[in-house]
Amino acid sequence: MSDFLLTQIINYGAPILGAIVFIGAMGVPFPGTLIVIAAGAFAKQGLLTWYTTGLISLTCVVAGDSLSYAMGHFVREPVLRRFQDSPKWIQAESAFNRWGGMSVFWTRFLITGIAVPVNLIAGTSGFGFRRFFLYDLVGEGIWIFGYGGLGYLFGTQWEAVSELLSNVSGLALGLVILAIGIWLAKNWLKAIEVRKTKIPEV
């Protein structure tokens, strides 16, 4: 799949990359980070125009995120029925409840595995679209130009860079899940202590 998509980007340029990141933002499991890094390397080789490709990709991925936010906002009940019991949704909901807008920011480029559930949760929770859009735009800007810039910088070594960043993202997701687990456990223990200290009514 990755080789096929990369070949299409080389053959047809920025519009294909834009379409890929847009569809990925809607939940299709494309290897988005690998593709963005590779696009940066292709730009260094002269196969793509760096700034045009970056702007088209940023516009498309933000549009995809906004559409998935809108799905959560306007189709709230069906979305909740379909996804709210899934493990990724539960992780994303815990992160969103704790960090709010910053969970949107971090899941754009670091903890990408729960990015789409965070979009949907932001929509279902009534989180303001303007705030969502701002966090999303900044985070996706880092993803497109930061990761694409690494591909441009390292050129032919882009695959090694992609593997390293994939490992870092996996570690970050694991740490977030651990932090959420600790936070939930502390709240649970605190609730038990509160119940123990209550004086029984006579």
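# Notebook: salt bridges, rings and a cavity in a predicted model

**Entry 1. Salt bridges.** I looked up the charged pairs and found that the structure holds three salt bridges. I note at the outset that the model is a predicted one.

I took the pair of Arg 108 and Asp 65 to begin with. Their closest N and O atoms are 3.4 Å apart, and the two residues form a salt bridge. Because Arg 108 sits in helix α7 and Asp 65 in helix α4, this pair ties together parts that are 43 residues apart in sequence. I then checked the accessibility of both partners. Arg 108 has 2% relative accessibility and counts as buried. Asp 65 has 3% and counts as buried.

I turned next to Asp 136, which forms a salt bridge with Arg 108, with 3.0 Å between the closest N and O atoms. This pair links distant parts of the chain, Asp 136 being in helix α9 and Arg 108 in helix α7, 28 residues apart. For Asp 136 I recorded a relative accessible area of 0%, so the residue is buried.

Which residues are linked in a network of salt bridges? I entered Asp 65, Arg 108 and Asp 136 as the members of that network.

The remaining entry under this heading is Glu 77, which forms a salt bridge with Arg 76 at 2.9 Å between the closest N and O atoms. I looked up the exposure of this pair as well. Glu 77 is partly exposed, at 43% relative accessibility. Arg 76 is partly exposed, at 36%.

**Entry 2. Overall fold.** I read the secondary structure along the chain and noted ten helices and zero strands. The pattern in sequence order is accordingly α-α-α-α-α-α-α-α-α-α. I also looked up the burial of the chain: it has 202 residues, and 41% of them count as buried.

**Entry 3. Aromatic rings.** I searched for ring pairs and found that the structure holds eleven aromatic pairs. I examined Phe 83 and Trp 89: their ring centres are 6.5 Å apart and their planes stand at 10°, so the pair is stacked. Is each partner buried or partly exposed? Phe 83 is partly exposed, with a relative accessible area of 31%. Trp 89 is buried, with a relative accessible area of 2%.

I also recorded a cluster in which ring pairs link Tyr 69, Phe 129, Phe 132 and Phe 133.

**Entry 4. Internal space.** I looked for enclosed space and found one cavity of 30 Å³ or more. The space in the largest cavity comes to about 80 Å³. I listed its lining, which is made of 13 residues; Leu 17, Val 36, Ala 39, Trp 50 and Thr 53 lie nearest the centre of the cavity. I then asked which elements give two or more residues to this lining. They are α3 (32-44), α4 (50-74) and α9 (129-154).

**Entry 5. Nonpolar surface.** I looked up exposed nonpolar side chains and noted that Trp 99, Met 102 and Trp 106 form a patch on the surface. Together these residues have about 270 Å² of accessible area. Trp 106 belongs to helix α7, which covers residues 101-109. I recorded Trp 106 as partly exposed because its relative accessibility is 36%, and partly exposed means between 20% and 50%.

**Entry 6. Contacts across the sequence.** I looked up two residues together with a partner remote in sequence. Phe 127 lies in the loop between α8 (115-124) and α9. Phe 127 has a relative accessible area of 9% and is buried. How far apart are Phe 127 and His 73 in sequence and in space? I noted 54 residues in sequence and 9.0 Å in space, C-alpha to C-alpha.

The other residue is Ile 142, in helix α9. At 33% relative accessibility, Ile 142 counts as partly exposed. Ile 142 and Phe 105 are separated by 37 residues in sequence, with 9.5 Å between their C-alpha atoms.

**Entry 7. Cross-reference.** I close by collecting what I noted on helix α9. Asp 136 in this helix pairs with Arg 108 in helix α7, and α9 is one of the elements that give two or more residues to the lining of the largest cavity. Ile 142 lies in helix α9 as well.

Technical notes. Residues numbered from 1 in each chain as written. Predicted model: local features only at pLDDT ≥ 70, side-chain atom pairs only at ≥ 80, totals over all residues. Heavy atoms only, no water. Patch = residues over 30% accessible without salt bridge, like charges linked within 9 Å, V, L, I, M, F, W, Y side chains within 5 Å. Areas by Shrake-Rupley, 256 points an atom, 1.4 Å probe, with all protein chains shown as cover. Salt bridge = Lys/Arg side-chain N within 4 Å of Asp/Glu carboxyl O. Helix = DSSP H or I, 4+ residues; strand = E, 2+ residues; numbered from the N terminus. Buried < 20%, exposed > 50% of the residue type's maximum accessible area, 1.4 Å probe, protein only. Phe/Tyr/Trp six-rings, centres within 6.5 Å; stacked < 30°, edge-to-face > 60°. 1 Å grid on protein atoms, 1.4 Å probe; cavity = no way out; pocket = protein on both sides within 12 Å on 5 of 7 lines; lining within 4 Å. Points joined across faces, edges and corners; volume = space filled by probe spheres on them.
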